[in-house]
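Please look over the sequence and the 3D structure shown here. A short report on sheets, pockets and ring pairs follows.

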Amino acid sequence: MIFYFSGTGNTRWAAEKLAQETGERLLFIPEALKGDCAYTLEDNERIGFCYPVHGWRPPHIVRQFISKLRFTNLQATPHYCFALCTCGDSIGKSMEFLNKDLQQVGIQAVSMFSLIMPESYVCLPFMYTDKPEREQQKIAQAEKELERYAVMIRERQPNEVHTKRGLTPWTFSHVIGAYFNGKMITDKKFTVDADLCLHCGRCEKQCPTGDIKLTNGLPQWLHDGSCTCCLSCYHHCPVHAINYGSITRQRGQYYFGHKTAKD
């Protein structure tokens, strides 16, 4: 089985490819959290975790899910555990955070992979979406790498580590990541320009955690703690009516499969 979380579609694309290549069942973490998070493993079933890096750490929804995850027959059947994450540039010590969480479940990712994908986080001063040419280059390279990774995972190869940790992974994950996950993961900064909004409901449909409900045709964030700040609502808005504070008003939009200037 492959557990995955995705906001703007990069990780969903990768997880779906791996599921096709390995024949493993695919489970969306926000949906899985609605249940008891207890699973019975089939003989020789792989266990995979796919997620986008948020602040050089696993998203809090992934960590929340792992804290509730239970396998009823973990010791009764062989298993191969792997993890794959997507990022715009580097992952820091994200995998170390993941494996520390997985220790509580009684498993470890024995092979770890990362894919550099088009940038979607735009809420810090130095972060922008990629230009169309760079976006297409990243996806083309990721396709090649994912094909190689899929073979390793299909063949259950252990001790394969193919990750981009960056120059200062500890600083990224423990310093910047601590600030990001402590201060930036909130839906309270999202706003909608009512005069631009088309009342199409796309933001509500695309929110992976169900944090948005339409009221009089306009999106309202529920402030219930479920927001991961994945920016899916922002990126999918067809008229750029949604913003996160004021910083995103001059930023681009991206989601996997959207049309670029070269399409």
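How much space lies in the second largest pocket? About 210 Å³. The model behind this value is predicted.

## The second largest pocket

Thirteen residues line this pocket. Closest to its centre are P30, I61, P208, T209 and S226. Two helices, α2 (29-32) and α3 (60-68), each supply at least two residues of the lining. The most comes from α3, which gives three residues.

By class, the lining of the second largest pocket has six polar, five nonpolar and two charged residues.

## The largest pocket

The largest pocket holds about 590 Å³ of space. Its lining has 32 residues, and V53, C87, G88, E119 and Y121 are the closest to the centre. Two helices and a strand each give the lining at least two residues: α1 (10-22), α6 (169-184) and β6 (80-87).

Which classes make up the lining of the largest pocket? The residues divide into 16 nonpolar, 12 polar and four charged.

## The open sheet

Six strands form an open sheet with parallel pairing. Their order is β2-β1-β4-β6-β7-β8. Which strands stand at the edges? They are β2 (26-28) and β8 (161-162). Each has a single partner strand, so one side of each is left without a neighbour in the sheet.

At one of these edges, β8 runs parallel to β7 (residues 111-116), and two bridges join them. There, F113 has H162 in β8 as its bridge partner. In a regular strand, side chains alternate between the two faces of the sheet.

## A helix across the sheet

Helix α5 covers residues 132-154. The helix lies across four strands: β4 (46-52), β6, β7 and β8. Relative to β7, α5 runs at about 165 degrees.

## Aromatic pairs

How many aromatic pairs does the model have? The count comes to 13. Two numbers describe such a pair: the distance of the ring centres and the angle of the planes.

Take F113 and Y149. Their ring centres are 4.7 Å apart. Their planes stand at 35 degrees, between the limits of 30 degrees for stacked and 60 for edge-to-face, so the pair is tilted. F113 lies in strand β7 and Y149 in helix α5, so the pair ties together parts that are 36 residues apart in sequence. F113 is also the residue with H162 as its bridge partner in β8.

## The hairpin

Strands β10 (residues 212-215) and β11 (residues 218-221) run antiparallel. Four bridges join them. One bridge links T215 to its partner L218 in β11.

What lies between the strands of this hairpin? Two residues do. In this hairpin, N216 takes a positive phi near 55 degrees.

How values were computed
Residues numbered from 1 in each chain as written. Predicted model: local features only at pLDDT ≥ 70, side-chain atom pairs only at ≥ 80, totals over all residues. Heavy atoms only, no water. 1 Å grid on protein atoms, 1.4 Å probe; cavity = no way out; pocket = protein on both sides within 12 Å on 5 of 7 lines; lining within 4 Å. Points joined across faces, edges and corners; volume = space filled by probe spheres on them. Nonpolar A, V, L, I, M, F, W, Y, C, P; charged D, E, K, R; others polar. Pairing = 2+ DSSP bridges. Contact = heavy atoms within 4.5 Å. Axes fitted to C-alpha atoms, helices over the stretch in contact; angles between N-to-C directions. Phe/Tyr/Trp six-rings, centres within 6.5 Å; stacked < 30°, edge-to-face > 60°.
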